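Please open the model in your viewer and keep the sequence panel visible. The stops below are intended to be selected in order.

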Amino acid sequence: MNHQRATPTVAQVALIGLFVTALVTAQVTASKILAFSLPFSLPIIGAELALPGAALAYAVTFLASDCYAELYGRKATQIVVNVGFALNFVVLALVWSTIAAPAADPAVATEFATVLGASTNVVLGSLLAYVVSQNWDVIVFHRIRAHTGREKLWLRNIASTASSQAIDTVIFVSVAFAIAPAILGIGTVSGGSALLTLIVGQYLLKLLIAVLDTPVVYAVVSIVRSRDGVGTAETPS
């Protein structure tokens, strides 16, 4: 009997690679707060959109996981999501081992610790937000697929991402910019209005991306199905 496992396809490796790359990028960019001027004023946030630098990178992780879920099934996607969760601890360990190591230039070491030390708050926030929201995303995606079959991929993509991004945003911003800094004494504790602005700003961007990336999800799924002949690895449940 041949027990050799099937060789992963280029599409599988590429989607997992995109997922992990975006996840790691998010950890090292989230501490920078971005500010964009709007041509109009919105409730709560006014005429300026403020959001963590990782907003785009986090959105890309959901694009990758939704493509993977549609092509390879719920169980395979949850493996990717939960292994990614464990790898966050590797990121945290590598960052702090580098901060703790002796430096040739103390001034550079201080700046390095200031910038990347704050990523501890980001990693802790993302750990909790990630494990809850990504698993929620996979569950909602496949619950909808159980009722729609292959039809209405747009509905699965938008509904799963919109709901999971709301969960992700609230948990991440609250922990990374308020709870973790207050407990650990690293970085600045943001006030209630600042937190609300970050939550609204980040969620609006993620929601916009969820709508705009739907054609991308369709294109990726269509190309991979025609190239590799895959549907889903399991019956949706």
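The tour moves through selected helices, their contacts and a few individual residues of this predicted model.

**Stop 1: helix H1**

Begin with Gly17, which is located in helix H1, residues 10-29. With a relative accessibility of 30%, Gly17 is classed as partly exposed. Now add Ala64 to the selection: 47 residues separate Gly17 and Ala64 in sequence, and their C-alpha atoms are 9.1 Å apart in space.

**Stop 2: helix H2**

Select residues 55-72, which form helix H2. This helix has 18 residues, and the distance from its first C-alpha to its last is 26 Å, close to the 26 Å expected at 1.5 Å a residue. Is H2 largely enclosed by the rest of the structure, or largely open? Of the 18 residues of H2, 16 are buried, so the helix is largely enclosed. Continue to Gly73, just after H2, where phi is positive at about 95 degrees.

**Stop 3: helix H2 against helix H3**

Next, show residues 74-100, helix H3, together with H2. The two helices pack at an angle of about 150 degrees, and their axes lie 7 Å apart. Because angles over 145 degrees count as roughly antiparallel, the angle of about 150 degrees places H2 and H3 in that class. To display their contact, select Ser65, Tyr68, Ala69 and Tyr72 on the H2 side, and Ala76, Thr77 and Val80 on the H3 side. By class, this contact of H2 with H3 comprises five nonpolar residues, two polar and no charged.

Stay with H3 for its length and burial. Its 27 residues should span 39 Å at 1.5 Å a residue, and the end C-alpha atoms are 40 Å apart, which agrees. Buried residues of H3 include Arg74, Gln78, Val81, Gly84, Asn88, Val91 and Val95. Thr77 and Val80, which take part in the contact with H2, are buried as well.

**Stop 4: helix H2 against helix H7**

Keep H2 and add helix H7, residues 192-212. Here the packing angle is about 40 degrees, with the axes 10 Å apart; H2 and H7 are therefore oblique to each other. Their crossing is right-handed. The contact involves Ala55, Leu56, Tyr58 and Ala59 of H2, which meet Gln202, Leu205, Lys206 and Ile209 of H7. Six of the residues in this contact of H2 with H7 are nonpolar, one is polar and one is charged.

**Stop 5: helix H7 against helix H8**

Move on to residues 214-228, helix H8, which packs against H7 at about 40 degrees with the axes 4 Å apart. H7 and H8 are therefore oblique to each other. Select Ala210, Val211 and Leu212 of H7 with Thr214, Pro215 and Val216 of H8 to see the contact. This contact of H7 with H8 has five nonpolar residues, one polar and no charged.

Ala210 merits a separate selection. At 1% relative accessibility, Ala210 counts as buried. Beyond its neighbours within four places in sequence, Ala210 is in contact with Asn157, Ile158 and Thr161. The C-alpha atom of Ala210 is also separated by 8.9 Å from that of Ala159, 51 residues away along the chain.

**Stop 6: the loop between helices H5 and H6**

Finish at Lys152, in the loop that links helix H5 (119-148) to helix H6 (153-184). Although Lys152 is not a glycine, its phi is positive, at about 55 degrees. Its relative accessibility is 46%, and Lys152 therefore counts as partly exposed.

Note on methods:
Residues numbered from 1 in each chain as written. Predicted model: local features only at pLDDT ≥ 70, side-chain atom pairs only at ≥ 80, totals over all residues. Heavy atoms only, no water. Axes fitted to C-alpha atoms, helices over the stretch in contact; angles between N-to-C directions. Parallel < 35°, antiparallel > 145°, perpendicular 65-115°, else oblique. Left-handed = near helix turned anticlockwise from the far one by under 90°. Contact = heavy atoms within 4.5 Å. Nonpolar A, V, L, I, M, F, W, Y, C, P; charged D, E, K, R; others polar. Expected span 1.5 Å × (residues − 1). Buried < 20%, exposed > 50% of the residue type's maximum accessible area, 1.4 Å probe, protein only.
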